[in-house]
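Subject: Two-chain model, handover and notes

Hi,

Here is the model I said I would pass on. Have a look at it first, and then read my notes below.

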Amino acid sequence: MSAQINKINFAERQSAKMPVYDSALLNNPALSELKDLWQYRDLLMQLIARNIKTRYKRSVLGILWTMLNPLLMMLVLTFVFSNVFRFQQPHYAAYALAGVALWNFFAQTTTGAMSELIWGGNLMNKIYLPRSIFAASALGTSLVNLLLTLIPLFVVMAITGVPFRPALLILPLPILLTAMFALGVALILSRVAAYFADVLEMYQIFLTAWMYLTPIIYPKEIISPDLQWLFNLNPMYHLIEIFRAPLLIGWLAGPKTVLASAVAAFVTLAFGWWYFSRKADELAYRI
Amino acid sequence: MSLLTESDNPKPIDRLTETAASDNEMVIRLENVSVVYQAPRERIKTFKEYVIRKVKRQVEHQQFNALSDVSLELRRGEVFGLIGHNGAGKSTLLKLVSRVMRPTRGRVWVKGRIAPLLELGAGFHPELSGRENIFLNGTLLGYSRAEVEKLFDGIVEFSEIGDFIDAPLRTYSTGMTGRLGFAVATATRPDILIVDEVLSVGDEQFQEKCAERITEFRRQGTTILLVTHSSELVQRICDRAAWLDHGKFCGIGQPAEIIHLYHERYHLTSLVTVSEIVESEPIEPKPVEAEPVVAKVIVTEDFLAEETETLSEIIAVSREVLALEQQALEKEWFYPYALPSGKNVQCYLPPEIATIHANRWAMVKTVLRQTFGQNWSQLDCLDIGCNQGFFSVKLAEQDCRSVVGLDARQQNIDDAELIRQIYELNNVSFRLGDISKIEPTSLPQFDVTLMLSVLFWQENPIGVLRAAKALTKNLLIIETPVAPEIFGEMDWGSREVHKPLQGSFALLDLTEESKRPLGSMTDLSFCPGRESLIWLLQKLGFSSVELVLPAPDAYEQLTSGSRMMVVARV
């Protein structure tokens with residue numbers, strides 16, 4: 001033979017533990033989907049790396065763009081809202097940037113999951129992959145972007161004189177809860193998007209409306225006090241509040257807000273996971 | 001040259017002794033497996049539409065069996081070939097084995113690591129370098145990162161990429177991409193190798209290298225599951241073969257035996273020869289599995305008794321009709337019309353060929369009966385290329401509300417009109433028109449459109465099908481001779497790499513035929529093949545396409561498959 005087959009003897013290792021697939025042995029799709037996702041964790045890393053690399057490979061500013069984009073948006077917002085609408089929001093620049101960063105994290109995860117699942121449709125028809133890997137890689141990609149956006153956020157905080165307080169250390173908690181909520185929504189949408197081509201498009205319109213209904217770029221006080229209770233129905237409102245609190249107030253948000261966020265995160269993820277994995281093996285021939 | 005053949009390699013593979021040497025361990029077992037697709041009767045593409053229909057309660061689901069009650073056992077080291085038409089269930093079976101799909105009923109059991117040979121470029125990203133793509137593709141195939149690292153040098157060496165390894169994949173040639181894909185997929189010996197087509201990768205030297213690697217895998221006990229259209233290949237390299245048709249095995253056994261059965265059913269000898277000629281050409285055939293296309297087959301019922309009964313009812317014939325009959329008896333006809341007075345017109349087709357008209361009518365009647373029941377009084381029908389009006393008259397006799405016969409020749413229209421007067425039918429009219437030139441909006445839509453023996457005369461068959469689609473509210477029934485098919489793919493340039501062929505068309509010279517009263521209006525024809533026609537009808541938006549099988553004693557061309565009838569439903 002002109003080229004040797006690689007010497008590493010996987011066959012030997014496999015004979016001890018040869019994988020056996022039995023379609024009759026699938027009792028708990030939610031659990032087995034989770035197990036398979038863990039098995040394919042290296043692929044997950046590769047997909048995230050691919051998303052990040054390919055996004056910036058052919059642009060001049062490269063990864064800087066991730067940081068510049070929300071920063072420029074924040075500058076525009078600050079100019080418009082502080083000078084035109086004259087909001088009385090202390091530290092408006094940091095307030096808006098924090099809101100936009102977390103909102104983008106959510107929006108990118110949910111839309112990315114759908115487009116990645118559609119990209120993977122061709123592959124899923126040929127080889128087995130845990131279907132949730134596409135939602136997970138969208139989440140991972142947006143998480144990297146969020147962490148990169150924290151850099152300009154901290155810069156803006158330093159410039160505008162927002163003090164850095166020890167409460168910043170609890171920042172991973174709101175990020176984790178938002179990630180769980182976003183993954184749950186992403187899974188529900190992915191399953192629906194596999195059946196209907198226009199879901200992504202419709203969702204984007206919905207997303208824009210949702211964004212303006214959430215106090216991200218405006219303080220919630222501009223809404224009349226009689227209507228402010230309506231924000232309580234919006235899970236993203238709570239999640240953004242608990243994300244901003246350690247940054248701007250220097251303490252945790254109120255217990256009700258924390259509880260509402262946690263409930264939204266756990267319930268959405270649990271339902272999304274169950275809903276998605278129940279039909280995961282049908283997605284291959286739907287896409 | 002195809003990858004699995006060893007035509008340049010004189011040593012024959014002795015399949016019996018070689019597999020006997022390995023133990024007889026079972027690696028794949030399918031137990032009474034069925035796969036039922038549930039699909040909305042009409043394809044609902046958007047969520048908006050779905051919601052609207054759901055509210056109106058218009059979502060009807062229909063099921064079709066991609067596989068029904070299939071059982072199969074494969075042992076270690078076997079090379080197993082799967083043959084059958086597109087839509088027979090071959091890719092569904094592969095999907096079950098590779099865990100992509102779960103059976104609706106029954107059990108699938110697979111032991112060992114499965115490697116699919118993916119189509120060119122699947123799972124690669126053009127912007128990433130070769131190195132990055134190896135890791136991406138390797139982990140896609142289920143390796144861990146550490147495993148890919150260990151395999152990395154071997155992959156690079158085998159794929160002969162060399163210094164290009166750090167260049168983005170979009171700069172690679174088709175051959176390089178193919179080599180890289182093959183090298184990653186076969187970096188370790190899989191227990192089961194799935195080959196869903198005759199692969200062609202790179203130049204001949206590299207193909208030989210690939211063939212060697214596969215042969216080596218086989219020697220070490222890899223089971224190979226091969227799906228192909230080339231029965232010659234199956235016969236040459238497979239230990240066993242199976243023929244899948246409409247979701248069922250028509251036979252499992254010795255390759256030669258199975259292929260014989262397959263050919264006998266479809267009279268495919270000529271077709272096979274054509275695809276093999278192409279195989280040696282630079283364009284390699286690469287059969288592409290479409291989603292199951294023909295979901296249902298309609299078997300023609302026997303109406304003979306019923307038909308003769310109506311003919312035996314000889315009624316009193318008026319003087320006017322007798323005069324018209326006289327005109328009819330003075331000329332030769334394409335159709336064997338039986339006149340009300342009991343006489344038959346002179347038919348210039350020999351009786352054994354003229355039976356085709358009765359066969360086709362039985363087929364059309366079966367379809368309409370199964371769709372609309374016995375009462376057709378609400379149906380508006382169009383008969384495209386009605387010729388002397390045989391089928392228009394038949395439909396009118398069955399009390400359809402209205403029938404329009406369309407033909408491009410005035411002589412045919414006049415003949416048909418004569419028959420209409422003789423039969424005293426008021427629900428049928430004939431008009432002059434060429435389907436390839438007609439403006440579809442100039443006519444209303446019809447419940448049923450017939451297009452019998454029309455398509456193979458057309459130089460623009462796709463345009464004609466579009467026009468026919470536009471004119472059809474419900475059913476389009478097409479009957480035509482079909483061209484032999486070539487499967488494979490076409491080199492499509494660096495970006496898209498390859499385009500699969502969705503079937504093929506035959507280009508025919510009809511200079512002679514175009515001068516005759518019957519036949520083409522143009523001196524060229526572009527005749528579709530069986531698969532291309534079915535695919536095309538679906539592409540044009542028909543929700544289902546069904547094959548109408550003739551009665552077993554029907555005209556030879558219909559039973560052999562060189563002519564076929566399909567029903568396309570809007």
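Which residues touch the most other members of the largest nonpolar core? They are A94(A), L97(A) and A186(A), in a core of 142 residues. By nonpolar core I mean a set of buried Ala, Val, Leu, Ile, Met, Phe, Trp, Tyr and Cys residues joined through C-beta atoms within 7 Å. Buried means 20 or more other C-beta atoms within 10 Å of the residue's own, exposed means 12 or fewer, and partly exposed is in between, with C-beta atoms placed from the backbone.

Some housekeeping. This is a predicted model: local features need pLDDT of at least 70 and side-chain atom pairs count only at pLDDT 80 or more, while totals for chains, interfaces and linings use all residues. Residues are numbered from 1 along each chain as its sequence is written, and chains are lettered from A and ligands numbered from 1 in the order in which they are written.

Back to the cores. Helix 5 (residues 92-119) of chain A gives the most to the 142-residue core, with 16 residues. Helices (H or I, at least four residues) and strands (E, at least two) are DSSP runs, numbered from the N terminus. Leaving aside neighbours within four places in sequence, A186(A) is in contact with T109(A), T110(A), A113(A), A135(A), A138(A) and L139(A); contact means C-beta atoms, placed from the backbone, within 7 Å. A second, separate core has 67 residues, including V345(B), V364(B), V403(B) and L450(B).

How far to trust chain A: its mean pLDDT (the predictor's confidence in each residue, from 0 to 100) is 84, and 90% of its residues reach 70 or more. Confidence in chain A is highest in helix 11 (residues 255-278), at a mean of 94, and lowest in helix 1, at 42. Over residues 1-16 of chain A pLDDT stays under 50, and the model has 18 contacts beyond four places in sequence for them. Where pLDDT is low, the predicted coordinates should not be read in detail. In helix 11 of chain A sits F266(A), which is partly exposed, with 14 other C-beta atoms within 10 Å. F266(A) and M180(A) are 86 residues apart in sequence but 6.9 Å apart in space, C-alpha to C-alpha.

Now the interface. Chain A puts 40 residues into the contact and chain B 46 residues. On the chain A side, the elements giving two or more residues are helix 1 (10-16), strand 1 (20-22), helix 3 (41-56), helix 6 (121-124) and helix 9 (199-213). Helix 3 of chain A has the largest share there, 6 residues. The chains also pair through strands: strand 1 of chain A runs antiparallel to strand 4 (residues 105-111) of chain B, with 3 bridges, and Y21(A) stands opposite V110(B). Pairing here needs at least two bridges found by DSSP.

Chain B has 18 helices and 23 strands, and 47% of its 570 residues count as buried. Among its contacts between residues at least 6 apart in sequence, 72% join residues at least 24 apart.

Two parts of chain B stood out to me:

- Helix 16 (residues 461-471) of chain B has P461(B), V464(B), L465(B), A467(B), A468(B) and L471(B) buried. They cover an arc of only 160° around the axis (taken from the directions from the helix axis to the C-beta atoms), so they lie on the same side of helix 16. Among the elements they pack against are strand 16 (446-452) and strand 17 (472-481) of chain B. Those two strands run parallel, joined by 6 bridges, with L450(B) opposite I477(B).
- Strand 8 (residues 240-245) of chain B has 5 of its 6 residues buried, so it is largely enclosed by the rest of the structure. Strand 8 pairs in the parallel sense with strand 3 (residues 79-83) over 4 bridges, and in the antiparallel sense with strand 9 (residues 248-253) over 5 bridges. The hairpin of strands 8 and 9 has 2 residues between the strands, and H246(B) there takes a positive phi near 45°.

Most residues other than glycine have a negative phi. Two more to look at in chain B are D69(B), with a positive phi of about 55°, and R99(B), at about 75°. D69(B) is in strand 2 (residues 61-75), whereas R99(B) is in the loop between helix 3 (90-97) and strand 4 of chain B.

Cheers

Terms used:
Two residues are in contact if their C-beta atoms, placed from the backbone, lie within 7 Å.
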